[in-house]
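Got your viewer open? Take this tour one selection at a time, and keep the sequence handy.

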Amino acid sequence: MTSVDGTGAPLPEPTAGSPGGQVSRADAAQVHGVEELLPDGLVVVGADQRVTFANTEALRILACDRSDLLGRTVVDGLPLRDRDGRDWWAHTTAWNGVSSRTTHREKLLVAPKGHEVLVTARFVRARHNGAVEQVLLGLRDAEGRQLAERDQATVLSTVAHELRAPLTSVTGFTSSLLRRWDRFTDEQKRLMIETIESDATRLTRLITELLDISRLDSDSLNLRLGPVDLQALLRTHVVRYELGRSVGAVQLRLGARATQEGLPQLWADTDRLEQIFFNLIENALTHGDGRVTVTLDRGESLEDFAESVVVLVDDEGDGIPVSDRERIFGRFWHGPSNASTGLGLYVVRGLVEAHGGSVHVTDNESGGARFVVRLPAGMPAVVGG
């Protein structure tokens, strides 16, 4: 009677003679019983250098059929090469290398179909320093690693680009002031020092965002919670923008429920809330058009909280296409203008969700973009709320 594995494929027949032949039926059954439960690809090669088994995940990663591998030598059925085109099987010397070696570290190799895969190997020996009876290959799709490498390259490129401009400005103006202080008027000196301060603030903000991304991705962000007067915090933002822009560029108002009933108490991290609304207002001023209106209102219940605070940030621009409304909260998403780091809204969502709230974007009555931030309200029981 012919035995089959978990996928219905026949198990390899045992071969009499030396232990260097194909794997025995008992050993094969033990391997094949769990092969489809493995998250990675598994390929088994016998002592005769022929493939005796490949699970479904390995076939998917290698983009081949079972018949392309089983019974064929590794040279014919599974030629693996490094990025320099060298034969990995010859280079790794699995069957005639150092007799004490039992593993091969993970390596990025080129599969027979030309795509890259991550390969690890284990050399099975009947006894210490004995001949290799089996080679177990672990295969993983390299796409995840490549995406991580691309993300890392994007981070480095973004940081280099964003740091270069303000650093050039700071070093240029400080050098000029040091060398030619007496040649500048007081007004020129003031302008140059204000520019240095502005660029230094921009650098600080970028570094803060990068640190926050690292903390958000590793779930290590700590919030310093306390009572917050959100209306006063937002009013400070409006005054700050009016000092740097024309009066009326940003307008703060209360919603209908907040006007009638007042605002509930808020227990949050003041610094993080300032960061959230600075990014949202700055985004509206940079990418929107016309006046930015910030509306503060009382909201409905939010999950485990009986009430919430809602903040609407509206601009008078063209709005955000529906297809991009989720993408804009991704890391390093720029849009067609490419006028920002692509970090601000990613940090906004992370900080809002760290407070137990939510943020999304939609249209407002004028057709511009509306960012809706909802934060849980109320004081913790230990404070007496």
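**Stop one: a pair of strands**

Select residues 308-314, strand β10, together with residues 369-376, strand β12: these two pair in the antiparallel sense over 7 bridges. Keep in mind as you look around that this is a predicted model. For a landmark in the pair, click on Asp314, which stands opposite Arg370 in β12. If you're wondering what holds such neighbours together, strands of a sheet pair through backbone hydrogen bonds, either parallel or antiparallel.

**Stop two: the whole sheet**

Now widen the selection. β10 and β12 belong to an open sheet of 5 strands, and reading across you'll meet β7, β9, β10, β12 and β11 in that order, with mixed pairing. Which strands stand at the edges? They're β7 (250-254) and β11 (358-363); each has a single partner strand, so one side of each has no neighbour in the sheet. Tilt the view to look across the strands and you'll find a twist that averages 20° from one strand to the next.

**Stop three: strand β9 and its partners**

Select residues 292-299 to pick out β9. Is β9 buried or exposed? Here 8 of the 8 residues are buried, so the strand is largely enclosed by the rest of the structure.

Check both partners. β7 and β9 run parallel, joined by 5 bridges, while β9 and β10 pair in the antiparallel sense over 7 bridges. Leu296 makes a handy marker: Leu254 stands opposite Leu296, and Leu296 stands opposite Val311 in β10.

Next, zoom in on Thr293, also in β9. Its relative accessible area is 11%, so Thr293 counts as buried, given that the cut-off is under 20%. What does Thr293 touch? Leaving aside residues up to four places away in sequence, show Gln251, Arg253, Leu312, Val313 and Asp314. You've already met Asp314, the residue opposite Arg370.

**Stop four: a helix on the sheet**

Add residues 270-287, helix α9. This helix packs on the sheet and touches β7, β9, β10 and β12. Line α9 up against β12 and you'll see that their directions make about 170°.

Now bring in residues 344-354, helix α10. The axes of α9 and α10 come within 9 Å and cross at roughly 145°, and the crossing is left-handed. Those numbers are a standard way to describe such a pair: two packed helices are described by the angle between their axes and the distance between the axes.

To see who meets whom, show side chains on both helices:

- From α9: Arg272, Gln275, Ile276, Asn279, Leu280 and Asn283.
- From α10: Gly344, Leu345, Val347, Val348, Leu351 and Val352.

Colour this contact by residue type and you'll get 7 nonpolar, 4 polar and 1 charged.

**Stop five: helix α6**

Jump to residues 186-217, helix α6. It has 32 residues and reaches 47 Å from its first C-alpha to its last, close to the 46 Å expected at 1.5 Å a residue. Try highlighting its buried residues, among them Met192, Ile196, Leu203, Leu206 and Ile213, along with Lys189 and Asp199. Following α6 comes Asp219, with a positive phi near 55°.

**Last stop: zoom out**

Show the whole protein chain: 10 helices and 12 strands. Of its 385 residues, 39% are buried. Among contacts with a separation of 6 or more, 58% come from residues 24 or more positions apart.

Key:
Residues numbered from 1 in each chain as written. Predicted model: local features only at pLDDT ≥ 70, side-chain atom pairs only at ≥ 80, totals over all residues. Heavy atoms only, no water. Axes fitted to C-alpha atoms, helices over the stretch in contact; angles between N-to-C directions. Helix = DSSP H or I, 4+ residues; strand = E, 2+ residues; numbered from the N terminus. Left-handed = near helix turned anticlockwise from the far one by under 90°. Contact = heavy atoms within 4.5 Å. Nonpolar A, V, L, I, M, F, W, Y, C, P; charged D, E, K, R; others polar. Pairing = 2+ DSSP bridges. Buried < 20%, exposed > 50% of the residue type's maximum accessible area, 1.4 Å probe, protein only. Expected span 1.5 Å × (residues − 1).
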